[in-house]
Amino acid sequence: MSELNTFRILSIDGGGIKGLYSAVILADFEEQYGKLNNYFDLICGTSTGGIIALALAAGIPAKEVVSLYEENGPIIFPYRNKFKNAFRKLKQLIITSKYSDKDLRDALENVFKDKTISDCETNVLIPTSNITKGTPCIIKTDHHDDLGRDSNHRLVDVALATAAAPTYFPIQEIYTMENSNDQFADGGLFANNPSLHGIQEAYRYFIGNNNRGFEKFSLLSISTLHQNFSFEKPLKVHRRSIALWSKTLIPLMMDLQSISTHYHIEYLNKSLKGHYLRINNEPLNKEESKLIGLDKASKESIDLLVEKGHKASSKWINDPNLQFFFEKGNQNYKFRGEKVGTM
């Protein structure tokens with residue numbers, strides 16, 4: 001399979017502060033191989049993965065994304081005061097979202113400035129959930145003549161929308177939509193691992209289209225660090241209340257979606273015959289698992305995410321299956337950013 005005839009996709013899972021793990025892996029790859037968006041024709045990301053995807057597509061170095069998480073994670077997800085933490089959990093359960101979006105917005109404004117989707121150097125695809133219509137919403141670059149809705153969306157607004165995890169962050173509005181009253185929540189509600197959407201986009205607009213010349217896809221999928229949600233037998237409470245599920249339901253749902261998508265792609269790829277590589281989560285022991293969560297941003301948690309990210313990247317960085325994505329001559333600029341009409 002010729003590298004130049006291969007449509008290359010980078011996909012990044014959602015998972016709150018656990019995205020630091022993914023960002024570290026990508027920063028290590030970038031240090032070894034160079035600017036990542038030079039090597040991909042489409043970058044997909046959901047929730048925290050959406051923040052990373054938007055940054056990479058806009059040409060922001062992965063190491064700056066790592067700094068974003070390391071420096072702002074403890075501010076966005078404050079953890080020091082036990083009394084305040086207990087109040088936040090109570091507030092999250094019965095009153096309002098656990099966190100304001102102010103600190104996250106400020107951090108994103110500092111990174112993205114006034115950049116819009118049209119400023120992305122690489123095609124991008126970001127799942128969000130339109131809760132006004134009750135439908136999935138995929139925000140993307142204008143890489144086809146049929147597209148044109150999203151180019152003026154600010155990256156900050158898109159990032160906030162895809163990362164608006166229910167009960168954690170407020171619902172978001174994107175004011176340049178056709179209907180400014182529509183509101184959005186986390187894309188992880190339906191596509192925490194957006195890889196399948198990336199493959200679909202490739203076949204819909206690029207692969208097999210004579211104007212582009214792509215014949216196959218290659219997909220590099222980056223996991224966040226999954227928590228250990230296995231429940232030891234016997235489970236004492238089978239009729240679990242909202243309160244008992246509250247700490248695990250959304251993270252468990254997101255992790256299960258990501259793993260399920262991986263299984264689907266493995267099966268589909270037997271007939272599609274693309275080049276698929278999933279950089280999965282590093283295993284956690286019981287004590288390490290206690291430090292990992294969507295909003296666990298203590299120094300110990302941050303250090304563990306960084307450590308595990310470096311460990312994962314070191315396993316793959318010289319592997320031929322990864323090197324396929326970064327081979328010399330694989331930086332193909334001919335097709336990137338060009339619209340193509342309907343045949």
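In this predicted model, P127 counts as buried because its relative accessibility is 0%, which falls under the 20% limit. The residue belongs to strand β3, which comprises residues 123-130. Apart from neighbours within four places in sequence, P127 is in contact with G45, T46, C137, I138, T162, G187, F190, A191 and P194. A further spatial relationship links P127 to N193: the two residues stand 66 residues apart along the chain, and their C-alpha atoms are separated by 9.6 Å.

Strand β3 pairs with strand β4, which spans residues 135-140, in the antiparallel sense, and six bridges join the two strands. Among the residues involved, T128 has C137 in β4 as its bridge partner; C137 also appears among the contacts of P127. The two strands form a hairpin with four residues between them. In this hairpin, G134 adopts a positive phi near 70 degrees.

A helix pair was also examined. Helix α1 covers residues 19-33 and helix α2 covers residues 48-57; their axes come within 9 Å and cross at roughly 25 degrees. Because this angle is under 35 degrees, α1 is described as roughly parallel to α2. The crossing of the two helices is right-handed. On the α1 side, the contact involves G19, S22, A23, L26 and E30, which meet T48, I52 and L56 of α2. By residue class, the contact of α1 with α2 consists of four nonpolar, three polar and one charged.

How values were computed: Residues numbered from 1 in each chain as written. Predicted model: local features only at pLDDT ≥ 70, side-chain atom pairs only at ≥ 80, totals over all residues. Heavy atoms only, no water. Axes fitted to C-alpha atoms, helices over the stretch in contact; angles between N-to-C directions. Parallel < 35°, antiparallel > 145°, perpendicular 65-115°, else oblique. Left-handed = near helix turned anticlockwise from the far one by under 90°. Contact = heavy atoms within 4.5 Å. Nonpolar A, V, L, I, M, F, W, Y, C, P; charged D, E, K, R; others polar. Buried < 20%, exposed > 50% of the residue type's maximum accessible area, 1.4 Å probe, protein only. Pairing = 2+ DSSP bridges.
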